[in-house]
Amino acid sequence: MIIKTRKTSDVRSSEITPEHFFQQRRSIIKAAMASIAAWQLPAHALVEPQGNLPAIPNLKDSGIGGGLSPTEYKHVTSYNNFYEFGTGKDDPKKNSGAFKSRPWTISVEGECDAPGEIGIEDIFKLIDQEERVYRFRCVEAWAMVVPWAGFSLATLLKRFKPNSKAKYVVFETLVDKEMMPGTRRKILDWPYQEGLRIDEAMHPLSMLVTGVYGKELPAQNGAPLRLMVPWKYGFKSIKSIVKIKFVEKQPATTWETMAADEYGFYANVNPMVDHPRWTQAFHRNIGEGLFASRDETLMFNGYSDEVADLYRGMDLTKFY
Ligand SMILES: Nc1nc2c(c(=O)[nH]1)N[C@H]1C(S)=C(S)[C@@H](COP(=O)(O)O)O[C@H]1N2
Ligand SMILES: [Mo]
């Protein structure tokens, strides 16, 4: 595992204790046990496939989030944020008719020993698919429970052999003025860019998503490949990825560049730290209509046992 190759002089080496590895292993074991538990329940995590896109082959139940009941497909695919297709929630579905997710190549570069490119077909072929149901809360104080299909980000990253200088991972979205009408205007500083610390990226819950509800992703949800980091706010989960880069310094990210006082690099779901313009202690569930209840938001979106250790000793009001 990459973290082992860090030098003792690394700034963050203090966080990478043997206990840290133990904790990660423990959460994997816990996830495996949850998987067994979910398998015994009649409410299996694998959902009925929906939509008319190709089915995702070899889909397995990860057991993660098996107890949550998913938001309806029609809401998951029609209430979106994807500024490359416009800023309205219904714009991404409406304005993505010309979008083509094939052919598609992702280049992986920067601080790694085996930089290169990988085609989306190879990703689909080489990597076993898992289905995970995540509660995914967004910065706009709304939430959905989504059955994503995909695999651990770490599985892909390790193929490119990140070196000891790889402290962060940067992701970039495609910019195509023909297929993505929003990019004809300077709504954001294109390309959309996001980043994770390397230990966050290697965490088993960080996921590259290729499908939703058992079928390939529709354009509006980030076809053909998008990120999903379940303990972070929605904007970290970058869509339609074309580039992945290992870097030494904390990268600038799109929303942080736009409004640093509102959107930080970490963007961990945290009910104790409000957004300057709204509370982050509660959220509304999409699909419940006008009378939707406000639910309490949980620390790290409910994944504290798995991820709190990544941030031990950090002031999360400062590193928001
Ligand atoms: N390239 C790109 N990725 C993006 C965005 C975007 O505008 N462009 N919006 C983000 C935000 S703010 C959210 S809330 C999620 C929404 O994902 P969903 O539409 O699949 O629910 O995508 C994130 N990924
Ligand atoms: Mo968002």
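Buried here means under 20% relative accessible area. With that cut-off in hand, I opened the predicted model and began with the strands.

**Entry 1: β8 and its neighbours**

I looked up β8 (residues 207-212) and found it mostly covered, with 6 of its 6 residues buried. Which strands does β8 pair with in the antiparallel sense? I noted β5, joined to β8 by 5 bridges, then β10 (residues 226-228), joined by 3 bridges, and β9 (residues 215-216), joined by 2 bridges.

I then picked out some residue partners. Ser 152 stands opposite Met 207, and Gly 150 has Val 209 as its bridge partner in β8. Val 209 also has a partner in β10, namely Arg 226. Towards β9, I found Gly 211 opposite Glu 216.

The link from β8 to β9 is a hairpin with 2 residues between the strands. In that turn I spotted Tyr 213, whose phi is positive at about 55°.

**Entry 2: β5**

Next I followed β5 (residues 142-152), which is mostly covered too: 11 of its 11 residues are buried. Does β5 run parallel or antiparallel to β12 (residues 282-285)? They run parallel, and 2 bridges join them. I found Trp 142 of this pairing opposite Arg 284 in β12.

**Entry 3: aromatic rings**

I turned to the side chains and counted 14 aromatic pairs in the structure. One of them is Phe 265 with Tyr 266, edge-to-face at 5.2 Å centre to centre and 90° between the planes. Both Phe 265 and Tyr 266 are buried.

Why is the pair of Tyr 266 and Phe 319 edge-to-face? Their planes stand at 85°, which is over the 60 degrees needed, so the pair earns that label, with centres 6.1 Å apart. This pair links distant parts of the chain, 53 residues apart: Tyr 266 lies in the loop between α7 (254-258) and β12, while Phe 319 lies in the segment after α8 (304-307).

I checked accessibility for both partners. Tyr 266 has a relative accessible area of 2%, so it counts as buried. Phe 319 comes out at 35%, so I logged it as partly exposed.

Stepping back, I listed one aromatic cluster made of Tyr 168, Phe 265, Tyr 266, Phe 300, Tyr 311 and Phe 319.

**Entry 4: charges over rings**

Last, I looked for charged ends over rings. Lys 236 places its charged end over the ring of Phe 265, 4.3 Å from the centre. For Arg 294, the ring underneath belongs to Phe 282, and the charged end is again 4.3 Å from the ring centre.

Technical notes. Residues numbered from 1 in each chain as written. Chains lettered and ligands numbered in written order. Predicted model: local features only at pLDDT ≥ 70, side-chain atom pairs only at ≥ 80, totals over all residues. Heavy atoms only, no water. Buried < 20%, exposed > 50% of the residue type's maximum accessible area, 1.4 Å probe, protein only. Helix = DSSP H or I, 4+ residues; strand = E, 2+ residues; numbered from the N terminus. Pairing = 2+ DSSP bridges. Phe/Tyr/Trp six-rings, centres within 6.5 Å; stacked < 30°, edge-to-face > 60°. Lys NZ or Arg CZ within 6 Å of the ring centre and 35° of its normal.
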